[in-house]
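Got a few minutes to walk around a protein model together? Have the sequence and the picture ready, and we'll take it by question and answer.

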Amino acid sequence: MSDAAADPGTDAMTDPAPQPGADADHPDHHVDVETVEAVVRRQMSASLGGRRGMLEAGLPGLAFTAAWLIVKDIRVALIAGAALAGIALVLRLVQRSTIQYVANAIVGIAIGWLVVHIARGMGGSQEDQALAFFVPGVVITGVYTVGLVLSCLVRWPAIGFMVGSVAGDPLEWHENRQIVSLCTRLTWLFLAPGAILAIVEGIVILLGYGGAMHKDAAVLVLGIIRLGIGWPLRLVAWGGMVWLLARNATPLES
């Protein structure tokens, strides 16, 4: 999920030149690839960001957790996370590469700050505020996981739209049963880590707020889960997706 240093991380995909005699008002929009697997590999490379993209997404949260556990000051923890994201943003701008992955981290920090501010306004302790920082991530992950599950259950798997986005017609892929089947399997693999993390992190947050676990311990566990368990889970899922995509077996056109 190609190091993002040379972003964008995908090869350019352009429409093939119209064939002689083709209607100029209805050009052929199919991309110059032969299989669904090739399309999804390219799109995955662009969306996942490689090692650098993963670090940019994960390190600000790790900085927040470490700063909180060391100094027990919610403002210092927020500044630590924001500073790390800011440094990554400056590097991206200097290198004139995509800021997509840094922007995701910055948005996460901003939402976390908002929730912390709300928790403070409700009279929550600094421990409550630190735990609240992780709540939006769990909620957002849970919501999009439910959306991905529903897309599979109704046989309109989300990754199919990834194929459609580069195939000219965004819905044409759904007419090919092989493509629908492949994209359904890929979507289940893609959503599995998020589903597991949302459940486990949600339980830890509830234990922290319920008093069954000390809030500092809950914050530490959440930090460990996100980087120490979350990324390995994603790597396993992505490995399964790569295995499916390595077969190059599903024609792009029905």
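What follows is a chat between a visitor and a guide about this predicted model.

Visitor: Let's start with the basics: how many helices and strands does the protein chain have?
Guide: This is a predicted model, so take everything here as computed. Going from the N terminus, the elements read α-α-α-α-α-α-α-α-α. The tally for the protein chain is nine helices and zero strands.

Visitor: And what share of the residues is buried?
Guide: Buried here means under 20% relative accessible area. The chain has 254 residues, and the buried part of them comes to 39%.

Visitor: What about the surface: how much of the exposed area do carbon and sulfur atoms supply?
Guide: The protein chain exposes about 13,300 Å². Of that area, the part supplied by carbon and sulfur atoms is 66%.

Visitor: Let's zoom in on α3. What is its reach from first C-alpha to last?
Guide: Helix α3 has 22 residues. At 1.5 Å a residue you'd expect 32 Å, and the model comes close to that. From the first C-alpha to the last, α3 reaches 32 Å.

Visitor: Within what arc do the buried residues of α3 fall, seen down its axis?
Guide: The buried set is Ile 74, Ala 77, Leu 78, Gly 81, Ala 85, Ala 88 and Arg 92. Seen down the axis, these buried residues line one face of the helix, because they fall within an arc of 100 degrees.

Visitor: Why would residues spaced like that point the same way?
Guide: It comes down to how the turns repeat: residues three or four places apart point the same way, because an α-helix has 3.6 residues a turn.

Visitor: Which residues are exposed on the other side of α3?
Guide: Exposed means over 50% relative accessible area. One of them, Arg 75, has a relative accessible area of 58%. The exposed residues on that other side are Arg 75, Ile 79, Ile 87, Leu 93 and Val 94.

Visitor: At the start of α3, which backbone nitrogen does a side-chain oxygen of Asp 73 reach?
Guide: Asp 73 also forms a salt bridge with Arg 75, with the closest N and O atoms 3.8 Å apart. As for the backbone, a side-chain oxygen of Asp 73 comes to within 2.9 Å of the nitrogen of Arg 75.

Visitor: How many salt bridges are there in the count?
Guide: A pair needs a Lys or Arg side-chain nitrogen within 4 Å of an Asp or Glu carboxyl oxygen. By that rule, the count is four.

Visitor: Take Glu 56 and Arg 92: how many residues apart in sequence are the parts they tie together?
Guide: Glu 56 forms a salt bridge with Arg 92, and the closest N and O atoms are 2.9 Å apart. Glu 56 sits in α2 (residues 50-71) and Arg 92 in α3, so the pair ties together parts whose separation in sequence is 36 residues.

Visitor: Are those two partners buried or exposed?
Guide: Glu 56 has a relative accessible area of 9%, which puts it in the buried class. Arg 92 has a relative accessibility of 0%, so this residue, too, counts as buried.

Visitor: Which residue forms a salt bridge with Lys 215?
Guide: The closest N and O atoms of the pair are 3.4 Å apart. Lys 215 lies in α9 (residues 215-245) and its partner in α5 (residues 126-132), 87 residues apart. Lys 215 is partly exposed at 21% relative accessibility, while the partner is buried at 19%. That partner is Asp 128.

Visitor: Now the loops. What is the phi of Arg 96?
Guide: Arg 96 is in the loop between α3 (74-95) and α4 (100-121). Arg 96 is exposed, with a relative accessible area of 80%. Its phi is positive, though the residue isn't glycine, with a value near 55 degrees.

Visitor: And what is the phi of Arg 155?
Guide: Arg 155 lies in the loop between α6 (135-153) and α7 (158-164). With a relative accessible area of 40%, Arg 155 is partly exposed. Its phi is also positive in a residue other than glycine, near 65 degrees.

Visitor: One last stop: leaving aside neighbours within four places in sequence, which residues is Thr 141 in contact with?
Guide: Thr 141 lies in helix α6 and is buried at 15% relative accessibility. The C-alpha atoms of Thr 141 and Ala 195 are separated by 7.4 Å, though the two residues are 54 apart along the chain. With those neighbours left aside, the contacts of Thr 141 are Gly 194 and Ala 198.

Definitions and conventions
Residues numbered from 1 in each chain as written. Predicted model: local features only at pLDDT ≥ 70, side-chain atom pairs only at ≥ 80, totals over all residues. Heavy atoms only, no water. Helix = DSSP H or I, 4+ residues; strand = E, 2+ residues; numbered from the N terminus. Buried < 20%, exposed > 50% of the residue type's maximum accessible area, 1.4 Å probe, protein only. Areas by Shrake-Rupley, 256 points an atom, 1.4 Å probe, with all protein chains shown as cover. Expected span 1.5 Å × (residues − 1). Arc of directions from axis to C-beta. Polar contact = N/O pair within 3.5 Å; in protein donor to acceptor, adjacent residues only side chain to side chain. Contact = heavy atoms within 4.5 Å.
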